[in-house]
Amino acid sequence: MNEYLKLTNICKSYDEKKAVDNLSLIVPKGSIYGIIGPNGAGKTTTIRMIMNIIAPDSGELLINGQKPTDEFRNFVGYLPEERGLYKKMFLHEIITFLADLKGFPGKKTASLMDEWLEKMSLADYKNKRVEELSKGMQQKLQFITTLIHQPELIILDELFSGLDPLNIELVKNILLDEKRRGTTILFSTHVMEQAEKLCDFICLINGGRKVLDGRLTEVKSKFGTNTIQIDMEGDGSFIRNIPGVKAVTSDNNYMELELSADADSQAILRQVSEKVAVRRFEIMEPSLYKIFIDVAGVKSMGPKSGREADV
Amino acid sequence: MSKMWIIIKREYAQVVKKKSFLVGIILTPLFMVGITVLPAMLATKKAADTEKIAIIDLSDNNIGNKFRESLAQYKLDNDDPAYMVTEIHTINPSDSLQLIQRREELDSLIRDKELKSYFVINSRADESDSIVLVAKSFGLRANSRFERELSYILSGIRLEKSDVNLAIDSVLKLTRNIEITHLAPGGRERDFFSMYLGGIIFVMIIFMTIIGYGQVLMRSIIEEKNSRIIEVIISSVSPFQLMAGKVIGLGLANLTQIGIWIIFGMIIYNFRGNFDISPQITATIFNPVFLIYFLLYLLIGYIMYSTLFALIGSIVNTDKEAQNFIFPITMTLILPVMIAMYIIQEPDSTIAITLSLIPIFTPTMMVLRMNYIGIESFSLANPMIVEATLGLILTALTTLFIIWATARIFRIGILMYGKRPTLPEIIKWMRYR
């Protein structure tokens with residue numbers, strides 16, 4: 001596995017408050033990596049340090065095994081938590097301006113712009129000013145400006161904030177397209193349900209410290225208790241005697257099985273379907289949220305407060 | 001560097017493309033003329049019409065008639081007499097009733113604008129110097145003429161009464177008042193009007209440039225902070241590149257504006273026709289040594305102050321919060337204008353020199369002083385050249401320090417939203433890595 005981005009023992013304090021405390025993580029090349037945690041966990045600070053917007057107090061940050069150079073900025077697409085653009089500029093102007101700042105050739109920007117505007121259903125607005133767009137349209141425009149220069153690393157802070165469900169789908173599909181191009185994608189969110197559907201790898205952080213990290217499936221199998229739900233027709237009383245089934249809660253045509261760690265769910269399915277008609281058989285993975293609560297021992301994921309948006 | 005150029009281009013375009021840029025080009029000179037030239041011109045302008053004057057003469061030496069004759073020498077531009085004495089009432093000083101009646105008549109004539117003013121020449125005016133002028137308003141120029149002519153007449157009367165054994169006319173010639181011509185070392189002719197005007201115009205250019213463009217810079221940073229685009233920008237360029245790009249971009253827009261003024265000024269100057277431009281003003285404006293220093297001070301003053309405005313923009317969240325910080329900056333800039341009268345009289349005083357060497361005051365104060373003291377060549381024998389150069393060096397060093405400090409605060413400030421930071425917090429930011 002190719003380590004694209006590697007953070008080692010990164011620390012950052014504001015006055016006495018430790019925003020990021022001894023954080024280490026590895027983002028593999030071409031993966032979708034989610035930094036997940038409640039507000040105030042240190043996600044934005046971590047991302048700003050990766051972007052070299054702020055400097056860590058200590059620790060090492062490597063891109064492709066090297067210290068990031070100024071040139072590295074050109075290969076990153078960055079969407080900060082708080083979105084905004086120059087309101088008075090025309091769409092084509094601001095797309096060109098921000099691509100220019102990335103050192104992306106003007107001709108390539110021009111040739112890609114229409115395609116992107118089309119993809120985001122903004123083609124009719126190319127010669128309009130940013131302020132004439134609705135909030136949702138501005139969000140989509142900002143995605144164009146984040147991605148048009150074909151970055152090799154995309155960093156999105158609070159990816160889902162302010163997006164309506166339609167745009168969330170649109171953005172997910174675009175990110176999956178980017179991943180197919182071989183782009184590495186790093187994003188932060190506190191919306192765990194969304195992260196679960198998108199990430200290959202995750203890092204859960206809380207209070208500036210890493211709670212756990214790794215491949216999403218591994219994290220789930222490692223920390224989860226496996227549960228199976230079955231809808232069926234027939235007498236399912238034999239099921240509780242199948243090896244590997246620890247406990248059963250049952251209704252008339254519905255059963256929920258709690259499995260032991262080494263149980264083989266596929267073997268259980270075969271045994272069940274031999275004797276009863278199975279309408280639905282679902283392996284219930286534990287939610288990230290539940291893992292987070294269990295591992296970090298956090299009670300609440302309350303709304304944000306305080307003076308800095310997210311340190 | 002090329003990224004900074006992209007910032008510069010955008011900032012420049014954003015200002016120059018706006019309608020307000022065009023409006024500023026037209027309105028700013030009008031405003032400057034309005035607050036500098038007009039009052040001065042009004043105070044010294046020649047009257048457009050013949051002033052009608054009446055005289056009540058209580059003396060027995062025929063002063064009224066002599067005064068009328070002496071006023072005949074003053075002409076308007078079109079050769080009409082400047083003053084016309086409509087009536088001379090010779091009244092016996094003991095007839096106070098008639099005096100009161102006459103004065104009431106003349107007062108009402110003035111109110112009806114039939115008459116500009118009237119004199120009351122008291123009895124034995126030559127001994128008491130007691131002459132009253134009644135008018136709604138007094139012109140500086142007319143007043144000095146009246147005083148001169150009346151002094152002359154009264155001196156003549158006093159001489160006649162004395163035992164001087166000389167032809168009175170020739171004695172009077174000896175005692176004639178003069179108007180002093182003011183010359184600067186090196187022979188440049190100056191008068192109060194052009195000295196004041198010259199100095200204030202140049203200070204106003206610096207002042208308006210800095211305040212105008214400084215606030216544009218500050219607002220654009222506040223706007224970028226509020227719209228949060230600033231974070232996108234500094235993911236591509238360093239905060240310092242952003243700040244410097246903005247300062248330079250707006251500076252170039254400013255130069256464009258001044259360039260347009262210069263071109264128009266030259267066109268107007270070439271087509272001025274018969275309009276008389278004081279040679280003293282021309283001499284000031286076309287003094288290359290002064291202009292070089294002026295442009296250097298304009299440049300360094302702009303950089304120093306606009307960096308300060310960038311600093312303010314980075315630590316506040318709203319225009320309203322910024323106002324508290326702008327006030328002291330405005331005061332430091334306007335100080336030379338407020339004390340210009342003193343500087344004109346004492347441009348070499350310790351206070352003037354000291355103030356002009358305090359970097360924050362230097363750009364405006366030094367320009368003001370250079371104008372009054374006069375610099376004709378780069379000779380170090382002229383202490384003004386030494387001081388102007390020293391001021392330039394001190395200001396440049398201070399500006400470098402301000403840029404360094406601002407860059408350190410700026411990079412943190414633009415990411416901080418919410419409560420306005422306190423001074424200790426800002427100092428802490430400077431120490432962050």
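In this predicted model, A:Arg209 is partly exposed, because its relative accessibility is 47%. Its side chain meets that of A:Asp21 in a salt bridge, with an N to O distance of 3.1 Å. A:Asp21 belongs to strand β2 (residues 17–28) of chain A and A:Arg209 to strand β9 (residues 209–215) of chain A, so the pair ties together parts that are 188 residues apart in sequence. A:Asp21, at 11% relative accessibility, counts as buried.

A search of the whole structure gives 25 salt bridges over all chains. The table lists three of them.

| Salt bridge | N to O distance |
|---|---|
| A:Asp21 and A:Arg209 | 3.1 Å |
| B:Glu11 and B:Arg10 | 3.5 Å |
| B:Glu387 and B:Arg369 | 2.6 Å |

In chain B, the salt bridge between B:Glu387 and B:Arg369 links helix α17 (residues 383–413) with helix α16 (residues 362–373), the two residues being 18 apart. B:Glu387 counts as buried at 13% relative accessibility, and B:Arg369 counts as buried at 0%. Salt bridges with shared partners join B:Arg10, B:Glu11, B:Glu224 and B:Lys246 into one network. Within that network, B:Glu11 and B:Arg10 are both buried.

The search of the whole structure also finds 3 cavities of 30 Å³ or more. The second largest cavity holds about 60 Å³ of space. Its lining includes A:Tyr78, A:Leu98, A:Lys102 and A:His149 from chain A, and B:Val232, B:Ser235 and B:Ser236 from chain B. Helix α4 (residues 135–147) of chain A provides the largest share of this lining, 3 residues. By class, the lining comprises 3 nonpolar, 6 polar and 1 charged residues.

Key: Residues numbered from 1 in each chain as written. Chains lettered and ligands numbered in written order. Predicted model: local features only at pLDDT ≥ 70, side-chain atom pairs only at ≥ 80, totals over all residues. Heavy atoms only, no water. 1 Å grid on protein atoms, 1.4 Å probe; cavity = no way out; pocket = protein on both sides within 12 Å on 5 of 7 lines; lining within 4 Å. Points joined across faces, edges and corners; volume = space filled by probe spheres on them. Helix = DSSP H or I, 4+ residues; strand = E, 2+ residues; numbered from the N terminus. Nonpolar A, V, L, I, M, F, W, Y, C, P; charged D, E, K, R; others polar. Salt bridge = Lys/Arg side-chain N within 4 Å of Asp/Glu carboxyl O. Buried < 20%, exposed > 50% of the residue type's maximum accessible area, 1.4 Å probe, protein only.
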